[in-house]
Amino acid sequence: MPFKKSLERTPWWLVTIIIIALVLLWNMISDQSYQRIAGALSEGLLTTIGVTFTAFILASFLGLLIALAGFSRHRILREFARFYVEIFRGVPVLVLLFYIAFVGAPEMVKLYNWVLQMPIEAGWIEKTRTRDFTLLWRAIIALAISYSAFIAEVFRAGIQEVGKGQIEAAKALGLSNWHRFRLITLPQAMRKILPPLGNDLVAMIKDSALVSVLGVQDITQLGKVFSSSTFQFFETYNVVAFMYLVLTLSLSLMIRAFEAHLRRNDHH
């Protein structure tokens, strides 16, 4: 009976994924063609990780600002926050990538040159050209803007979970708005916010593959280039899938473990 219960509790989906991953890993270790492909894509792996985490940090910071604007006593800030969230949640990431890369970036460069026109004309700084704004940073900014709208909703929901009684008690103690937020609201909201933020990070890892359409040398782009030059499509995309699987699955398991840790602490 204990054996039967253990079989029932076994996450067979995870076992299956691990078996597939081990088979791919064995091929990468024992097969020279897989080793060559993995070596060619290793630089893309670092680019994917860098793009994802840089964009996620920017998206989290921007999302927090938008969420706080949504709680502002000033109506214009609340309306702007709602407008921002609805617009960027409704635009596909791929479309936003193209828009930021080929419309937004040139306009940002024009704005930069206009704001700094006097020091540029004085020769203190150089005029910026659109080509100086790399496609890598255009992709990072597009991902950050797109995900900030979703993350703003995560922050909003977490902040609303904090009991109003505690806020009123903090007001009675004479704490300022900033101190109430930093000492009372944010620490409690983070317990609710961190798990869904982790899920957004996993989703961003997968969506980061879209930056390959701009020529950014991530896993997907290098895989496309390598397979088209060697015609090893099966082997190359096995390695591409394996790399994404390792990134997303390991992060998902860490998030699940963290959620379980939070639940245990809540029970104590």
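This is a short tour of a predicted model, stop by stop.

**The whole chain**

Start with everything selected and coloured by secondary structure. The chain has eleven helices and zero strands, so written out from the N terminus, its elements read α-α-α-α-α-α-α-α-α-α-α. Of the 268 residues, 38% count as buried. Switch on a surface next: the accessible area comes to about 16300 Å², and carbon and sulfur atoms hold 67% of that area. Among contacts in the chain with a separation of 6 or more, 76% are made by residues 24 or more positions apart.

**Helices α2 and α3**

Select residues 12-30 for helix α2 and residues 32-70 for helix α3. Two packed helices are described by the angle and the distance between their axes. Here the axes come within 5 Å and cross at roughly 95°. An angle of 65 to 115 degrees counts as roughly perpendicular, and α2 and α3 are therefore roughly perpendicular to each other.

Now show the side chains where the two helices meet. On the α2 side, pick N27, M28, I29 and S30; on the α3 side, pick Q32, Y34, Q35 and A38. The residues of this contact divide into four nonpolar, four polar and no charged.

**T52, in helix α3**

Stay on helix α3 and select T52. Is T52 buried or exposed? Its relative accessible area is 1%, so T52 is buried. What does T52 touch, once its neighbours within four places in sequence are left aside? T52 is in contact with L201, M204, I205 and S208.

**Helix α5**

Move to residues 93-115, which form helix α5. Where does α5 bend? The bend is at I100 and amounts to about 45°. I100 is also one of the buried residues of α5. To see the others, select V93, L96, L97, A101, G104, A105, P106, V109 and N113.

**F226, in helix α10**

The last stop is helix α10, residues 219-230, where F226 lies. With a relative accessibility of 13%, F226 counts as buried, because the cut-off for buried is under 20%. Add L41 to the selection: F226 and L41 are 185 residues apart along the chain, yet their C-alpha atoms are separated by 8.5 Å. Finally, show the contacts of F226, leaving aside its neighbours within four places in sequence. They are R36, I37, A40, Q232 and T236.

How values were computed: Residues are numbered from 1 along each chain as its sequence is written. This is a predicted model: local features need pLDDT of at least 70, side-chain atom pairs count only at pLDDT 80 or more; totals for chains, interfaces and linings use all residues. Side-chain values use heavy atoms; hydrogens and water are left out. Axes are lines fitted to C-alpha atoms, for helices over the stretch in contact, and angles run from 0 to 180 degrees between N-to-C directions. Helices (H or I, at least four residues) and strands (E, at least two) are DSSP runs, numbered from the N terminus. Angles under 35 degrees count as roughly parallel, over 145 as roughly antiparallel, 65 to 115 as roughly perpendicular and the rest as oblique. Contact means heavy atoms within 4.5 Å. Ala, Val, Leu, Ile, Met, Phe, Trp, Tyr, Cys and Pro count as nonpolar, Asp, Glu, Lys and Arg as charged, and the others, Gly among them, as polar. The bend at a residue is the angle between axes fitted to the seven residues ending there and the seven starting there. Buried means under 20% relative accessible area, exposed over 50%, partly exposed in between (1.4 Å probe, protein chains only). Accessible areas come from the Shrake-Rupley method with a 1.4 Å probe; for residues, only the protein chains shown count as cover.
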